[in-house]
Amino acid sequence: MLKNQIAKSNNGIERSKYITFGIPAEGIAEARPRLERVEADVMGNFKRLGVPSEPMDGRARLALLHSQMHPGSREPFRFSWKDIPQTGLGTKDFIAPDSLDFRQSRTFRIGQYWGAVSYLQIMASELSDKLLAEILELDAEMTVTMHIQTVDQLKAIKTIKGKISDIGKMKVEEQRKAVRSGYDPDILPPDLITFSKDAAEFLADLQSRNERMFSVR
């Protein structure tokens, strides 16, 4: 009865969240200890937040990909590492669906199921975690991916300074237009004022408040 009530509260949708991280390295011997340290740090931070987490091994990751590649299917995931040398197949062969159809421009088909991919582009100096929470709470069977990469601090500062310079040029152009039209040159478009303020605050955060710039796709 309790399970039925829980299922009714969220339309029977089960939500899972995964974090995949990577580092640059010359080889597996160099990467393994560094990845283990990152894993320990990530799990330690989750523990301090009171959030349970557990690492996934290679087979668990393949099982997850298999479930995404076979939507609505009850076909069990059958895989063992010893099957690779015995069959000559690769890991992709054990998770691939029977068919993939990408002939449509906006939709695709996996077996008997249709799906669509949406790309969301947001140009902002700051994003609230409320946005991600609202997307994840949608009552739909979907996969949301966010690729997050830190930007080198010097490169980030140089980029923002370039944006501020571009905004300065836009201000000059707007003032010239105002003079030619007989308007007050100190009156600038509201969007331009907002962009200038946000860029200046962002640069201050990078230079004096130990903030970092991230590229999120």
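Colleague: How many positive and negative side chains does the chain have, and how far apart do the centres of the two sets lie?

Modeller: Start by remembering that this is a predicted model. For charge, count each sign, then compare where the two sets are centred. Here there are 32 positive and 30 negative side chains, and their centres lie 2 Å apart.

Colleague: What radius of gyration does the chain have, and what would a compact globule of 217 residues have?

Modeller: The trick is to put the two values side by side. A compact globule of 217 residues would come out near 17 Å, but this chain has 25 Å. The box filled by the C-alpha atoms is roughly 80 × 45 × 45 Å along the principal axes.

Colleague: What share of the residues is buried?

Modeller: Count a residue as buried when its relative accessible area is under 20%. By that cut-off, 14% of the 217 residues are buried. As for the accessible surface, it totals about 18,100 Å², and carbon and sulfur atoms supply 54% of that.

Colleague: Which helices and strands come in what order along the sequence?

Modeller: Read the pattern from left to right: α-α-α-α-α-β-β-β-α-β-α-α-β. That makes eight helices and five strands.

Colleague: Which strands sit at the edges of the three-stranded sheet?

Modeller: Look for strands that pair on one side only. The sheet is open, runs in the order 1-2-3 and has antiparallel pairing. Its edges are strand 1 (100-101) and strand 3 (113-116). Strand 2, residues 107-110, joins strand 3 through four antiparallel bridges. To find your way in, look at T107, which stands opposite A116 in strand 3.

How values were computed. Residues numbered from 1 in each chain as written. Predicted model: local features only at pLDDT ≥ 70, side-chain atom pairs only at ≥ 80, totals over all residues. Heavy atoms only, no water. Helix = DSSP H or I, 4+ residues; strand = E, 2+ residues; numbered from the N terminus. Rg over C-alpha atoms; globule rule 2.2 N^0.38 Å. Buried < 20%, exposed > 50% of the residue type's maximum accessible area, 1.4 Å probe, protein only. Areas by Shrake-Rupley, 256 points an atom, 1.4 Å probe, with all protein chains shown as cover. Lys, Arg positive; Asp, Glu negative; His and termini not counted. Charge placed at Lys NZ, Arg CZ, Asp CG, Glu CD. Pairing = 2+ DSSP bridges.
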